[in-house]
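This briefing goes through one protein model by topic. Keep the sequence and the structure open while reading.

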Amino acid sequence: ALPVVAIVGRPNVGKSTLFNKLAGQRLSIVDDTPGVTRDRVYAESEWESRRFSIVDTGGIEPGEDVILAQTRAQARLAMEAADVIVFVTDVRTGPVAADHEIAAMLMKSGKPVVLCVNKCDSIGDPPAEFYEFYNLGLGDPVGVSSVHGHGTGDLLDRVVSLF
Ligand code: GDP
Ligand code: MG
């Protein structure tokens with residue numbers, strides 16, 4: 001079976017946009033409404049002649065309602081099945097409380113994690129907020145713009161190095 005890469009993070013950070021970029025197709029719905037991807041969405045992709053499956057998830061958000069709980073459960077299943085986890089965050093908000101909670105969950109999982117700081121849209125030095133992501137304790141973040149595609153090569157280099 002191909003190695004499985006799961007894309008996780010809280011809603012609206014750009015997981016589905018990144019997934020579509022990595023899949024080379026628009027398979028997952030991108031929307032400004034948090035929590036649009038409720039089920040897992042799969043694609044196959046390849047980088048440096050290494051093939052893998054990628055899984056988009058609906059996001060992990062603390063909360064009591066049924067949809068949130070189901071979406072979170074789907075994300076957990078995807079994480080359990082994953083060989084490598086891409087944890088997506090948003091440079092525009094900096095690391096928020098939910099990011100710290102997810103980081104703790106990922107560290108407990110013991111799986112290899114690549115920390116992706118999305119929405120780094122301008123070329124050149126990343127914004128100052130980028131460096132705050134070191135506080136999540138998951139190593140060097142990779143700055144990416146999923147909309148423009150900047151940084152996705154570096155991200156994939158890191159991902160395939162962990163298979
Ligand atoms: P998800 O909920 O994490 O799957 O996030 P989506 O992929 O649905 O994206 C949420 C919003 O963020 C959409 O309006 C996207 O167009 C926007 N977005 C995603 N990636 C980027 C990016 O790299 N730069 C900018 N500026 N916006 C982005
Ligand atoms: Mg989504």
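Line fits give the helix and strand axes used here: each axis is fitted to C-alpha atoms, for helices over the stretch in contact, and angles run from 0 to 180 degrees between N-to-C directions. With that in hand, helix H4 (residues 152–161) runs at about 170° to S5. The model is predicted, and the protein averages a pLDDT of 91.

**Confidence**

- A pLDDT of at least 70 is reached by 96% of the residues.
- The scores for the model are ipTM 0.99 and pTM 0.94.
- Where pLDDT is low, the predicted coordinates should not be read in detail.

**The sheet**

- An open sheet is formed by six strands, in the order S2-S3-S1-S4-S5-S6, and its pairing is mixed.
- Its edge strands are S2 and S6 (142–143), each of which pairs on one side only.
- Strand S4 (residues 84–90) pairs with strand S5 (residues 113–118) in the parallel sense, and six bridges join the two.
- Within this part of the sheet, Val-88 has Cys-116 in S5 as its bridge partner.

**Helices across the sheet**

- H4 lies across S1, S2, S3, S4, S5 and S6.
- H1 lies across strand S1 (4–8), S2, S3, S4 and S5, and runs at about 155° to S3.

**Surroundings of ligand 1**

- There are 20 residues around ligand 1, and those that come nearest are Gly-14, Lys-15, Ser-16, Thr-17 and Val-147.
- Helix H1 (residues 15–23) contributes three residues to this shell, the most of any element.
- Sorted by class, the shell holds ten polar, five nonpolar and five charged residues.

**Loop between S2 and S3**

- Glu-48 sits in the loop between strand S2 (41–47) and strand S3 (50–56).
- Although Glu-48 is not a glycine, its phi is positive, at about 50°.
- Ser-49 is placed in the loop between S2 and S3, and its phi is positive as well, at about 55°, although Ser-49 is not a glycine.
- Are these two residues buried or exposed? A residue is exposed if 12 or fewer other C-beta atoms lie within 10 Å of its own.
- Glu-48 has 9 other C-beta atoms within 10 Å, so Glu-48 is exposed.
- Ser-49 counts as exposed because it has 6 C-beta neighbours inside 10 Å.

Methods: Residues are numbered from 1 along each chain as its sequence is written. Chains are lettered from A and ligands numbered from 1 in the order in which they are written. This is a predicted model: local features need pLDDT of at least 70, side-chain atom pairs count only at pLDDT 80 or more; totals for chains, interfaces and linings use all residues. A residue is near a molecule or strand if its C-beta atom, placed from the backbone, lies within 6 Å of it. Helices (H or I, at least four residues) and strands (E, at least two) are DSSP runs, numbered from the N terminus. Ala, Val, Leu, Ile, Met, Phe, Trp, Tyr, Cys and Pro count as nonpolar, Asp, Glu, Lys and Arg as charged, and the others, Gly among them, as polar. A residue is buried if 20 or more other C-beta atoms lie within 10 Å of its own, exposed if 12 or fewer, and partly exposed in between; C-beta atoms are placed from the backbone. Two strands pair if DSSP finds at least two bridges between them. Two residues are in contact if their C-beta atoms, placed from the backbone, lie within 7 Å. pLDDT is the predictor's confidence in each residue, from 0 to 100.
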